[in-house]
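Student: I'd like to learn how to read a protein model feature by feature. Could you walk me through one?

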Amino acid sequence: MSYRLLITGGCGFIGSNLVRYLLDTEPEIRLCNLDALTYSGNPANLQDLAGHPRYRFVHGNILDRPLVEGLLRESDGVAHLAAESHVDRSILDSRTFVESNVLGTQTLLDAARTVWGRGSGKRFLHVSTDEVYGSLPLDRPDLKFTEQSPLHTNSPYSASKAGSDLLALAYHQTHDLNVVITRCSNNFGPYQFPEKVIPLFVTNLLEGEPVPLYGDGLNVRDWLHVVDHCEALWRVLRDGRSGEVYNIGGNNERSNLELTRTILELLGKDERSIRYVPDRLGHDRRYAIDAGKIREEIGWEPSRSAWPGALAKTIRWYVEHPDWWRAVRERNRQRDLEPAEAAPAAPVAASGQRS
Ligand code: NAD
C-alpha cells in the first residue's frame, strides 16, 4: 500500500537528499515537497525529478495554515525539515528564525492535530539538531550528548530549534500527536548550500580564494554523511517510539582545523590558503553525539560517513558540479547586494561553520 509523506523544506540540502533517498529506496512512497524557496531552497537540487510519478512540489510557506492543512489532509505523515538553518544569519536576524522555526513548526503541529484528529497515529517527524544541547568542553572527550542532556542553547538558531522541539513534545503530551524528534550532528554531502563550512571551503579553493577559519580552529564537530542521516530519518519515522527523541551522529569528531587541513590536502593546497577570522559570537566549542539509543532500539548505524573517504567523495561531487555551485554563489552574491528590505538575509561572506 502506498504511503503519502509530506516533506517540508525538501528543496534544501538535507530535504533534497531525503527526497532522492526515499524515491530510490521505497517503491511504495509518494512524496509531496512543501518549500518556500528561501535563499537556501534551490529547485535545481531536484530539477531532474520533474514529472516523476511519485513526486510533487508545492511552492509555499509552512506558516500558511490553510495550505498546510490541505496538504496534511492528503498525507499519512510528515517529515518536517523546513527551517532557517544558518547560525551566522541567526546572530544578525533572529526574527526570521523565530518565525520559520518556532511559529512555522507550531503552525504545522496545530494543523496536524486539527486535520488528523487526536490519536490518529499519523506520524509527525520533527527534524532537529544537536546544537540544542549547547557546547561540550574540549578537555572532556568522555562527555557526549545523550537524549537526556539538558537543552542549553547558545545561538538564536539553536534556541529557535529548541523552542520547536519543546512545542513538538508538548503536542505529543497534550494532543496525543504521534511525534518523533531527531537531533543530528553536522551533515556533509552533495547539494549543501555553500555558506556552510565544507562547500564554502571547497568552492572557495576551487575559485582560488582563501578559506575563512573561525578563531583558533579548534572547535570540534561530529560529521555525518547526509545520506546516512536520511536513512536514519526514515528509520525513526517508521520504527521510532511515539514521543521519543533520537540522537543521530557519525561518531566522527574532527576539529575545524583538522577538517580544513584535510580539505586542503585533498584539493592539493596548503595552509597558505587559510585566513583566520575573528571567532563567531557565542561559538560552541564541541558537539559530540551519543547515538546509542537509535542503534539499540532501531538498529541504525552510519555506513557512509567513513573519514576521509566520504569527505573525498563529497569534494569530488563539488568538483564535478561547478554549474550547480557557481549558480548558487552568484545568486547569493546578488541577493546580498540587494537593499535590506528586499533581502533580509545578512551577508555571510566570512562565515565558516554551519549551521
Ligand atoms: P537548508 O537551509 O539547506 O534548507 C532549508 C529548507 O527549508 C530550504 O529549502 C528553505 O527554502 C526551506 N524553508 C525555510 N523556511 C521555510 C518556511 N517558512 N516554509 C517552507 N520552507 C521553508 O537546511 P538543511 O541543512 O537542509 O537543514 C534541514 C533541517 O535539518 C533543518 O531543520 C535543520 O535545523 C536540520 N539539521 C541540519 C543539520 C545540518 O548539518 N545541515 C544538522 C542537524 C539538523
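Tutor: We'll go through the ligand site, the cores and then a few single residues. Keep in mind that this is a predicted model.

Student: Let's start with the ligand. Which residues come nearest to the ligand?

Tutor: The general idea is to look at the shell of residues around the molecule. Here that shell holds 29 residues, and the nearest are Ile14, Asp35, Ser85, Tyr157 and Lys161.

Student: How do those residues divide into nonpolar, polar and charged?

Tutor: The shell has twelve nonpolar residues, 14 polar ones and three charged ones.

Student: And which polar atoms lie close to an oxygen atom of the ligand?

Tutor: For this you look for pairs of N or O atoms within 3.5 Å. A polar side-chain atom of Lys161 sits 2.6 Å from a ligand oxygen. The backbone takes part too: an N or O backbone atom of Ile14 is 2.8 Å from an oxygen of the ligand, and a polar backbone atom of Gly12 is 3.0 Å from one.

Student: How much of the ligand's accessible area does the protein cover?

Tutor: On its own the ligand has 830 Å² of accessible area, and the protein covers 99% of that.

Student: Which elements give two or more residues to the shell?

Tutor: Those are α1 (13–25), β5 (123–129), α5 (156–175) and β7 (186–188). Strand β5 has the largest share, with three residues.

Student: Now the inside of the protein. How do I read a nonpolar core, and which residues touch the most other members?

Tutor: Think of buried nonpolar side chains linked to one another by contacts. The largest core here has 35 residues, and Ile7, Leu22, Leu31 and Ile294 touch the most other members.

Student: Which elements give two or more residues to this core?

Tutor: On the helix side, α1, α7 (226–239) and α9 (292–298) are included. Among the strands are β1 (3–8), β2 (29–35), β5, β6 (178–184) and β10 (245–248). The largest share, eight residues, comes from α7.

Student: Can we zoom in on one member? What is Ile7 in contact with?

Tutor: Leave out the neighbours within four places in sequence and look at what remains. For Ile7 that list includes Leu18, Val19 and Leu22, then Leu31, Cys32, Asn33 and Leu34, and also Ala79 and Leu81. Apart from this core there is another, with 29 residues, among them Leu108, Leu136, Phe145 and Ala162.

Student: Next, a polar residue. Is Ser164 buried or exposed?

Tutor: The test is relative accessibility, where under 20% means buried. Ser164 has 0%, so it counts as buried. This serine is in helix α5, and its side chain reaches the backbone oxygen of Lys161 at 2.7 Å. Beyond four places in sequence, Ser164 touches Asn101, Thr105 and His126.

Student: Lys161 came up with the ligand as well, right?

Tutor: Yes, a polar side-chain atom of Lys161 lies 2.6 Å from a ligand oxygen, while the Lys161 backbone oxygen is what the Ser164 side chain reaches.

Student: What about a charged residue? Why does Arg280 count as buried?

Tutor: Again, go by the number and not by the residue type. Arg280 counts as buried because its relative accessibility is 7%, and its place is in the loop between β12 (274–277) and α9.

Student: What joins the side chains of Arg280 and Asp88?

Tutor: They share a polar contact of 2.8 Å. These two are 192 residues apart in sequence, yet their C-alpha atoms are 7.5 Å apart in space.

Student: Last topic, the backbone. Where is there a cis peptide bond?

Tutor: Check omega for that. The bond joining Trp307 and Pro308 is cis, with omega about 0°, and Pro308 is in the loop between α9 and α10 (309–320).

Student: And which residues have a positive phi although they are not glycines?

Tutor: There are two to look at. Asp176 has a phi of about 55° and is in the loop between α5 and β6. Tyr191 has a phi of about 70° and is in the loop between β7 and α6 (197–206).

Student: Are they buried or partly exposed?

Tutor: Asp176 is partly exposed, at 39% relative accessible area, whereas Tyr191 is buried, at 15%.

Notes:
Residues numbered from 1 in each chain as written. Predicted model: local features only at pLDDT ≥ 70, side-chain atom pairs only at ≥ 80, totals over all residues. Heavy atoms only, no water. Near = heavy atom within 4 Å. Polar contact = N/O pair within 3.5 Å; in protein donor to acceptor, adjacent residues only side chain to side chain. Areas by Shrake-Rupley, 256 points an atom, 1.4 Å probe, with all protein chains shown as cover. Helix = DSSP H or I, 4+ residues; strand = E, 2+ residues; numbered from the N terminus. Nonpolar A, V, L, I, M, F, W, Y, C, P; charged D, E, K, R; others polar. Core = buried A, V, L, I, M, F, W, Y, C linked by side-chain atoms within 4.5 Å. Buried < 20%, exposed > 50% of the residue type's maximum accessible area, 1.4 Å probe, protein only. Contact = heavy atoms within 4.5 Å.
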